[in-house]
Amino acid sequence: RKSGAVPSWTPTNKDFQIFNLVKSSYAKIQIHMLFSAGGMTVNYFEWVQNIQGFMWGDEKVNNELQRYMRRAFALLFNNIKAMCQSQGCSL
């Protein structure tokens, strides 16, 4: 099933300001991968639905996507924060 679901969370200007504080190319690559992961996650949800023979509504897709992406962002941010602290910078 192709979902027309749009994530209920979108990055704000403040989120981008936080990202701009991080000057490491490693961190920038990780952030880009996180943004790309949202589409891949929805594709995974569609694959699971097709395998199991049921369909989720847009609200279910958005809720699951938000849950996965929030967890991924927290892990990524903690990783970037630790890396930044090891290099003498702060967020």
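User: Where do Arg-67 and Glu-64 lie relative to one another in helix α3?

Analyst: In this predicted model, Arg-67 and Glu-64 are 3 residues apart in helix α3, and therefore about one helical turn separates them. Helix α3 itself covers residues 58–86, with Glu-64 among them.

User: What kind of interaction do Arg-67 and Glu-64 form?

Analyst: They form a salt bridge, in which the closest N and O atoms are 2.8 Å apart. The side chains of Glu-64 and Arg-67 are also joined by a polar contact of 2.8 Å.

User: Which other residue meets the side chain of Glu-64 in a salt bridge?

Analyst: Lys-60 does, and here the distance from N to O is 3.5 Å. Lys-60 and Glu-64 are 4 residues apart in helix α3, so that about one helical turn lies between them. Through salt bridges that share partners, Lys-60, Glu-64 and Arg-67 become one network.

User: How many salt bridges does a search of the whole structure find?

Analyst: The search finds 2 salt bridges. The pairs already described are Lys-60 with Glu-64 and Arg-67 with Glu-64.

User: How should I read accessibility for this network, and is Glu-64 buried or exposed?

Analyst: A residue counts as buried when its relative accessible area is under 20%, and Glu-64, having a relative accessible area of 14%, is therefore buried. Lys-60, by contrast, is partly exposed at 37% relative accessibility, and Arg-67 likewise counts as partly exposed, with a value of 43%.

User: Which residues does Glu-64 contact, leaving aside its neighbours within four places in sequence?

Analyst: With those neighbours set aside, Glu-64 is in contact with Phe-45 and Trp-56. Both Phe-45 and Trp-56 also belong to the largest nonpolar core.

User: What makes up that largest nonpolar core?

Analyst: The core has 11 residues in all, and besides Phe-45 and Trp-56 it takes in Ile-31, Leu-34, Ala-37, Val-42, Val-61, Leu-65, Met-69, Leu-76 and Ile-80. Helices α2 and α3 each supply at least two residues of this core.

User: Turning to the surface, which residues make the nonpolar patch?

Analyst: Tyr-44, Trp-47 and Ile-51 make a nonpolar surface patch of about 380 Å². Ile-51 is located in helix α2, which covers residues 25–52, and since its relative accessibility is 59%, Ile-51 counts as exposed.

User: Stepping back to the whole chain, how many helices and strands does it have?

Analyst: The chain has 3 helices and 0 strands, and reading along the sequence gives the pattern α-α-α.

User: What share of the residues counts as buried, and what does the accessible surface come to?

Analyst: The chain has 91 residues, of which 29% count as buried. Its accessible surface comes to about 6500 Å², with 58% of that area belonging to carbon and sulfur atoms.

User: How do I read contacts by their separation along the chain?

Analyst: One can take the contacts with a separation of 6 or more and ask what part of them joins residues 24 or more positions apart; in this chain, that part is 70%.

Key: Residues are numbered from 1 along each chain as its sequence is written. This is a predicted model: local features need pLDDT of at least 70, side-chain atom pairs count only at pLDDT 80 or more; totals for chains, interfaces and linings use all residues. Side-chain values use heavy atoms; hydrogens and water are left out. Buried means under 20% relative accessible area, exposed over 50%, partly exposed in between (1.4 Å probe, protein chains only). A polar contact is a pair of N or O atoms within 3.5 Å; within protein, one must be able to donate a hydrogen and the other to accept it, and residues adjacent in sequence count only if both atoms are side-chain atoms. Contact means heavy atoms within 4.5 Å. A salt bridge is a side-chain nitrogen of Lys or Arg within 4 Å of a carboxyl oxygen of Asp or Glu. Patches are made of residues with over 30% relative accessible area and no salt bridge: like charges are joined within 9 Å, nonpolar side chains (Val, Leu, Ile, Met, Phe, Trp, Tyr) within 5 Å. Accessible areas come from the Shrake-Rupley method with a 1.4 Å probe; for residues, only the protein chains shown count as cover. A nonpolar core is a set of buried Ala, Val, Leu, Ile, Met, Phe, Trp, Tyr and Cys residues joined through side-chain atoms within 4.5 Å.
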